[in-house]
Amino acid sequence: MSKQLLLFVACLFMTVTSMAQTLKGVVKDAKTNAPMQGVTVAVVGKTQGTATGAGGEYLLKLGKGTFQVRYSFVGYASVEKTITIASSDVVENVSLDASSDQLSEVVVVGSRSSQRTITDTPLPIDILSAQELKSTGQTSFDKALQYRVPSFNTVNTPVNDATSLLDPYEIRNMGPSRTLILINGKRKNTSSLMYIQTSPGRGESGADISAIPQQAIKRVEILRDGASAQYGSDAIAGVMNIILKDKFEYGSATLNTGITHKGDGQHISFAVNNGASFGEKGYVNYTVEFTRTALANRPGLVSAEAEADGDLGFGAPLATVKSFLAQKPDAGNINGQPENTAAKFLINAGFPVGEYSQLYFNAAYVYKKVNSFANYRTPYWRTTDDGLLTPAGQTYMGYVPTFQGDLNDYNGTIGLKTTKNGWMTDLSFTTGGNKQVYTVSNSRNRSLGKNSPIYFKPGGYEFVHNVGNIDVSKQLTDKLSFAFGSEFRAETFTVTAGDTSSYVGTGADSFPGITPNNAGSNTRFNFGGYIDLGYDITKDFLINGTLRTERYSDFGNATVYKLSSRYKFNDDKITLRGSFSTGFRAPLLHQIYQQLAQASFVPGKGIQTKGIVNNVSPQAFALGVPKLTPEKSTNLTLGIGFKPSKDLSITVDYYKIDVNDRIVLGSEISGTASGTTALDKILNSNGIVAVSFFANALNTTTSGLDFVISQRNVALGNGKLNVNLAGNYTLENKYTSVNNPKLIADAGKSVFDRTQDALLFSSRPKYKFILGLDYTLNGINFNLNNTLFGPTRFHQSGLGSNLDTEFVPAVLTDLSVSLPLSSAVTFTLNANNILNVIPKWDFVNVSTGERTRFDANNNVPTAKYWAEYNLITFNGRYSNVTYDGSQFSQLGTTFQASLNVKF
């Protein structure tokens, strides 16, 4: 018995001893010898792993045995070590080399958030890690970019119908249509939604980047330069390449919850990222995410006098209006952040095929539902509901139509990469689509009276594309690189008609349905090819040239080119870089074929139904509107990069983008006062009161400066501080000429007015600066982010020619604290906009510069600009941000908390 006891104690001692043995060391940058924080250290094929601390140190309790350990970090080549642990601890110090992976033009050579911009490339590139996006505390990918990239802006619109499914975004104030979105280097499909409200982004569309789960993202590469020669249409302002997580190292689950300071807008999400690795090169990585965000309501106080006014409101008796507003001071209006729910699924995988090839694929599917509200129909606006919406026995108090949007978005790529004899070949096929269908309820069709339904299906839109790519490249000599490739793309845009009751007569109140004559499906295809040469004249002097030509089935050929160069000197501490390129953007199928009637707010006239005739319609032909042709652009970029020390980097880039034949959704065209022009005759003969259409109406120029200053590894107490200052300043953003169809010009009309001018050119921040402070102490990370939004200016329809509105500059401060509870559990708390800054706007006298801030709480007819204020806020309903939307959210302070568990 005693022998058994001794044997048991000995075994226990050996077990405890083996468990106590560790692998430890320090990870450093191979070039600068600086310690690297945040490097993932993981045991291949097992769940054990950790991350390096502020000094690059790591420690793993492994016990005895032989292990394959991988060291990896964004922008660096991963290193794998075979580690054998016997009877004592093992110290393994590792150095990581910056990666030189190249995905066509978007070169990945960088490090973490303290040095996002590459200082020695010929082009301005930002690289953002998944951790940087997460630290913003924003609940969607597009809003996270808003607070990390100065040249990226997204609109916060108060209107919550179809726009709620995707907020407009842009790079360098160029609109959503001129930024190309890639996923793992392959083109992402465009949204089926085209913005037609009188707000920034009007008449355009873009890919739905908000649908991409952040947990699936490894990093984001943003090329701030024109790239049509490399990628074809849409890449006028730049390219955003979203790199998905690939090699599996550990699984994680993240629970995120949040709320606004007013106790509404509750948010909850749950995401799981997991996968598996197969041998040295095989992997599968998948992400599942479910999110729900509740309604956050920010209506303004409604003016009784304005509501009773015959021009501003409804001409109702003032006593009647006051009686209603005494019960509903905001007139029952609901605007701010709508309720939305989403389910997101994404997988990314790669498997070796033979000795030289890899088969890869990725796929994503997103379902999103938005529930929002139209403007409340007050009883003096809609004097009856025909007994359809008010329960019997109750007093009629009006009604609020509801809007539901159901979005399905998917994309997938399968391809084969081969590397043999120095030749790299990539064959791939990509498919993607976006479908939106709408539902209107608690409404009625007034033309049908008591026979009207109260639930309508007004139709929807769908966009699908299929893309085939062949890309071949080789380093011919140590100085000369060569690449060529081709692309075939087929696109289909479909408009689905609504049910009959949604469009007949006046249509569904708030959102008339799509009529059968406006429905249909249209397709086009294009084929293109490119050739690219890069030559290192010396190790410091690089030149690169690309030529591309494409053939479109609907408008013909487009040929563009690009030249870029970089010169380094002073021991690579200073880099001069520049590029010049031509580009093009094919008109969207949406812009060519979409034709509809839409209920929109018209200043001084309330909600009215307006029409858009498509570019190939008989009405457009009668008005002398030519068919749409591609936009043509030139893009000049000049920059300088400084790296005086291993921890300090500075980049400054100037850009100038000229666009000819820019496509816009024009101003509303109506008859003249005389009624005798050729335009009047055509409008009258076609039964048109007022109409808008797309046209190649403008030539524009945009120029500005981007800069990034990064200082890392500043010793502060026992911790390390990283400082990042980045900014974008617009020097010029304007049109140089207007191209009006002759018939319209002869009548003294124009497709472009002051309202459209402001929406295109001054409605985005004049400047935006971001100051980020990142401090790590004993594994705890503190991130303080300050974003300065510059002024934005509007000229709403109905305002006098000498009056504009301008949102004033504001600084939003966000705080994030990340606390590691253990090696596998991290808790993060975000307080966004901690000073509760709300958008503020002034009336601006254009001649004198005089500013007037209207007091919404003292909305009386004797106040200065009383009529104008009520004109553009729908009598106070949209007092916070007017109808056009602001530079940032009107919700004020929000709080987010997340718990991440690795397994």
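Me: What does F484 count as, at 34% relative accessibility?

Reply: This is a predicted model, so every reading here concerns computed values. A residue is called buried under 20% relative accessible area and exposed over 50%, with partly exposed in between; F484, at 34% relative accessibility, therefore counts as partly exposed.

Me: How many aromatic pairs are there by the ring-pairing rule, and how are the planes of F482 and F484 set?

Reply: The count comes to 38 aromatic pairs. In the pair of F482 and F484, the ring centres lie 5.6 Å apart and the planes meet at 40 degrees, so the pair is tilted, because that label covers whatever falls between under 30 degrees (stacked) and over 60 (edge-to-face). F707 and F769 form another tilted pair, with 5.8 Å from centre to centre and 45 degrees between the planes.

Me: Where along the chain do F707 and F769 lie, and what is the relative accessible area of F707 and of F769?

Reply: Their pair links distant parts of the chain, since F707 belongs to strand β39 (residues 694–716) and F769 to strand β41 (residues 767–777), 62 residues apart. F707 is partly exposed, with a relative accessible area of 22%, and F769 is partly exposed as well, at 25%.

Me: Which residues make up the aromatic cluster that includes F874, and which residue lies over the face of F874?

Reply: The cluster is formed by F314, F324, Y376, Y380, W381 and F874. Over the face of F874 lies R877, at 4.1 Å from the ring centre. A charge placed over a ring is also found at Y360, where the charged end of K417 sits 5.3 Å from the ring centre.

Me: In which order do the strands of the open sheet with β43 run, and which of them stand at the edges?

Reply: The open sheet has 4 strands in the order β43-β44-β47-β48, with antiparallel pairing. β43 (792–794) and β48 (851–852) stand at the edges, each with a single partner strand, so one side of each has no neighbour in the sheet. The partner of β48 is strand β47 (residues 841–845), paired with it in the antiparallel sense over 2 bridges, and V844 has R851 in β48 as its bridge partner.

Me: Which residues make the nonpolar surface patch, and which elements give two or more of them?

Reply: A patch of about 720 Å² is made by L255, I268, F270, L819, L821, F827, L829, L899 and V901. Two or more residues come from each of β19 (267–278), β46 (825–832) and β49 (894–902). V901 has its place in β49 and is partly exposed, with a relative accessible area of 30%.

Note on methods: Residues are numbered from 1 along each chain as its sequence is written. This is a predicted model: local features need pLDDT of at least 70, side-chain atom pairs count only at pLDDT 80 or more; totals for chains, interfaces and linings use all residues. Side-chain values use heavy atoms; hydrogens and water are left out. Rings of Phe, Tyr and Trp (its six-membered ring) pair if their centres lie within 6.5 Å; planes under 30 degrees apart count as stacked, over 60 as edge-to-face and the rest as tilted. Buried means under 20% relative accessible area, exposed over 50%, partly exposed in between (1.4 Å probe, protein chains only). A charge sits over a ring if NZ of Lys or CZ of Arg is within 6 Å of the ring centre and within 35 degrees of the ring normal. Two strands pair if DSSP finds at least two bridges between them. Patches are made of residues with over 30% relative accessible area and no salt bridge: like charges are joined within 9 Å, nonpolar side chains (Val, Leu, Ile, Met, Phe, Trp, Tyr) within 5 Å. Accessible areas come from the Shrake-Rupley method with a 1.4 Å probe; for residues, only the protein chains shown count as cover. A salt bridge is a side-chain nitrogen of Lys or Arg within 4 Å of a carboxyl oxygen of Asp or Glu.
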